[in-house]
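Student: Before we turn to particular residues, I should like to learn how the features of a protein model are to be read. Please take me through them in order.

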Amino acid sequence: MNVPLLSDQIKSKFPDAVIAAHQYRGDDTVTIRPESIVRVAQTLRDDPAFQMNLLMDLTAVDYSKFAQEPQGKGGHINAGIALKQPSDIPDANPWPGPATQARFEVVYHFVSLPLKHRLRVKVPVEESKPEIDSISALWGGANWFEREVWDMFGIRFTGHPNLKRILMYAQFEGHPLRKDYPVTQRQPLIGPNN
Amino acid sequence: MEQPQKTVQQQLETATRSYDPNTGLETRDMLLNIGPSHPAMHGIIRIVAKLDGETLKDIDVEIGYLHRAFEKMSETVSYNGVMPYTDRLNYVSPLINNMGYCMAIEKLLDLPVSERAHYIRVIMSEISRVTDHLTCVGASAMELGAFTVFLYMIKAREYLWELVEVVTGARLTISYCRVGGLKSDLPEGFAEKTHAAFAEVRKVLVEVDQLITRNRIFFDRMKGTGKISKEDALSYGMTGPFLRSTGVNYDVRKDFPYAIYDQVKFEVPLGTSGDNLDRYYVRMEEMEQSMRIVEQCLKQIPGGPVAVDPQTGKPMEASEMVDRAKMGQIDKITDKIAITDPTLEGSDSRVHDKILVSEKRVSLPAKEDTYGNIEGLMNHFKLVMFGHGIRPPKGEVYFPVEGANGELGFYVVSDGTDKAYRVRVRPPCFTIMSGLHKLLVGEQMADMVPTFGSVNMIGGELDR
């Protein structure tokens, strides 16, 4: 392909913002510094080279238990059976893994309809300061996506107009998709007080 | 922490009362609570509407009533164990969810799937798309008073669900796809049954078209209501029939073709104005296009002749196969088909190897093998026992398919164990619901019903 990879173009445009980039199974991915997300997202949307007019998805991943066997009590954990690890399915082009040691990664999937390409942008977020700038001013759809990430992971989006829980109820304690939230934990359902 | 924006209710409580300049009478906005459980709402959702007379001034949408922690549960079970959960995401077209999830895992494994399996998946997804649109159009017509249309369309859906039942053995929670292939092959006579069912569906579509497309009441209530501009639809990330009704040509099947969608001919119907009527037109036309795809697939589908024992010309009994295997005559029977227990009828496919990849670390063996020989049994156990199962390499993938409501994406992160590290679903109606105020504010209260009907909100995938 003659067209340079989107991640390379981002790299040349924002040399100070890019931490890492890789292609895995054809998915072009770039990891950038958290403070530059709004800048990069704006460029992705407005630059004629990218024209990413759809924010397809916005989510997060908690890497705190990555590649560790699950510990402690869980719903379906298979304890007590000695297992030999089966041989891995070979992978010619291995995945480099998360770019930093940060606990969370916020993952954006952008699509360009005119140019028909996709790009995944990942932003590491530290556990000590789970905050990142909101891009809800650029895409209306980011509003609810960011609320969901706040709800599920407890990552705060600064500048978000209405950051409250979306799937869980307001009185819910904790963030269920964090890996340290036990699967078996139950909380009494309290209805909204209105 | 910054103060969250006030809800409609809080705004109302603090709002000062205003007076009508002409009459001097006091006017107040009225608060109307619609849902969570309301006959005009498809699914459990709450809309708090601020009304000025009959005009909607502001709305507050509350979702999450059907949250079942799909994403959390997916991290606790094996890769194949997620399959039944995907059925329950969009329970009107579960086959598309199955396919999307399977293809995401296959992308993670870098596993090529046989062409026949892809064809069957496409056939089943397109049938599901028709059932989904039938439900959506039928239900929204019913809410406008056209109850007959609803009954007709549910009748048509019934023909298609019978097809689904013949193939998968279930109507709703089908779990038909497997990583690497499918549960079972198409049954005999499927093509004829499909053509017969499509003839009935087409009849119903013509009938419905005659009943409501030019019906004054239906037309007036759909035309110009629930309007959204191209720019807003894109900004909110809306996809599927919703986006296409505004005139944006985006269909995952065309723009990022997967499976065998590049080998079939079909058109992507587009609207112009992005109102309820255009969405109705788009859905009606998409049903026809979906049926067109299925018919082409049935013509083009490769393979599929029944393999039989060359000596007898009949499939072999499982018990006989075991006897022969005990005598060490494995070479004669490894590629033969056994007739297994009658209760397994749905799964004793005769061309299993044509629909499943031969990678033993991934695909479940045919039931004949599981019950007929020790290798198959071990293979089966290695995939279904706790702690065993598919172990994809470390990695992350995003795979989109065109769901009935728009782009349905699965983002899967694997850490090399037998359970997915993270499974994220990008539900198509989540983005539509997030932009619902763009569709409703400024409209009449009564227009909320057709607009909300055309959103085709599916609680299962919205709340997960």
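**Reading a predicted two-chain model**

Tutor: In chain A, residues 24 or more positions apart account for 60% of the contacts with a separation of 6 or more, where contact means heavy atoms within 4.5 Å. This is a predicted model, in which local features need pLDDT of at least 70, side-chain atom pairs count only at pLDDT 80 or more, and totals for chains, interfaces and linings use all residues. Residues are numbered from 1 along each chain as its sequence is written, chains are lettered from A and ligands numbered from 1 in the order in which they are written, and side-chain values use heavy atoms, with hydrogens and water left out.

Student: How many helices and strands does chain A have?

Tutor: Helices (H or I, at least four residues) and strands (E, at least two) are DSSP runs, numbered from the N terminus. Chain A has three helices and seven strands, and their order along the sequence is α-β-β-α-β-β-β-β-α-β.

Student: What share of the residues in chain A is buried?

Tutor: Buried means under 20% relative accessible area, exposed means over 50%, and partly exposed lies in between (1.4 Å probe, protein chains only). Of the 194 residues in chain A, 51% are buried.

Student: How is the interface of chain A and chain B to be described, and how many residues does each chain bring to the contact?

Tutor: Buried area is the accessible area (1.4 Å probe) that two parts lose on being put together, summed over both. Chain A and chain B bury about 5800 Å² between them, with 58% of it on carbon and sulfur atoms. Chain A brings 71 residues to the contact and chain B brings 64 residues.

Student: Which polar features cross this interface?

Tutor: A salt bridge is a side-chain nitrogen of Lys or Arg within 4 Å of a carboxyl oxygen of Asp or Glu. The rule finds nine salt bridges across the interface of chain A and chain B. Lys107(B) and Asp27(A) meet through their side chains in a salt bridge of 2.6 Å, N to O. A polar contact is a pair of N or O atoms within 3.5 Å; within protein, one must be able to donate a hydrogen and the other to accept it, and residues adjacent in sequence count only if both atoms are side-chain atoms. By that rule, 25 residue pairs (both at pLDDT 80 or more) are in polar contact across the interface of chain A and chain B. Several elements of chain A each supply at least two residues of the side that touches chain B, among them strand S1 (18–24), strand S3 (54–62) and helix H3 (142–153). S3(A) gives the most to that side, with nine residues.

Student: Is Glu396(B) buried or exposed, and which side chain of chain A does the side chain of Glu396(B) join in a polar contact?

Tutor: Glu396(B), in strand S10 (residues 395–402) of chain B, has a relative accessible area of 0% and is therefore buried. Its side chain is joined to that of Lys122(A) by a polar contact of 2.8 Å. The side chain of Glu396(B) also makes a polar contact of 2.5 Å with the side chain of Tyr411(B). Leaving aside neighbours within four places in sequence, the residues in contact with Glu396(B) include His22(A), Trp95(A), Arg120(A) and Leu108(B).

Student: How many salt bridges does the structure hold over all chains, and what does the pair Asp180(A) and Arg103(A) tie together?

Tutor: The structure holds 38 salt bridges over all chains. In one of them, Asp180(A) and Arg103(A) have their closest N and O atoms 3.3 Å apart. Asp180(A) lies in the segment after S7 of chain A and Arg103(A) in the loop between S3 and S4 of chain A, so the pair ties together parts that are 77 residues apart in sequence. Asp180(A) is partly exposed, at 47% relative accessibility, whereas Arg103(A) is buried, at 7%.

Student: Where do Asp220(B) and Arg216(B) lie?

Tutor: Both are in helix H8 (residues 216–222) of chain B, four residues apart, about one turn of the helix. Their side chains meet in a salt bridge (3.1 Å, N to O). Another salt bridge, of 3.6 Å, N to O, is formed by the side chains of Arg244(B) and Asp251(B), and both of these residues are buried. Arg244(B) and Asp251(B) belong to a network of salt bridges that also includes Glu126(B), Arg129(B), Arg253(B), Glu286(B) and Glu402(B).
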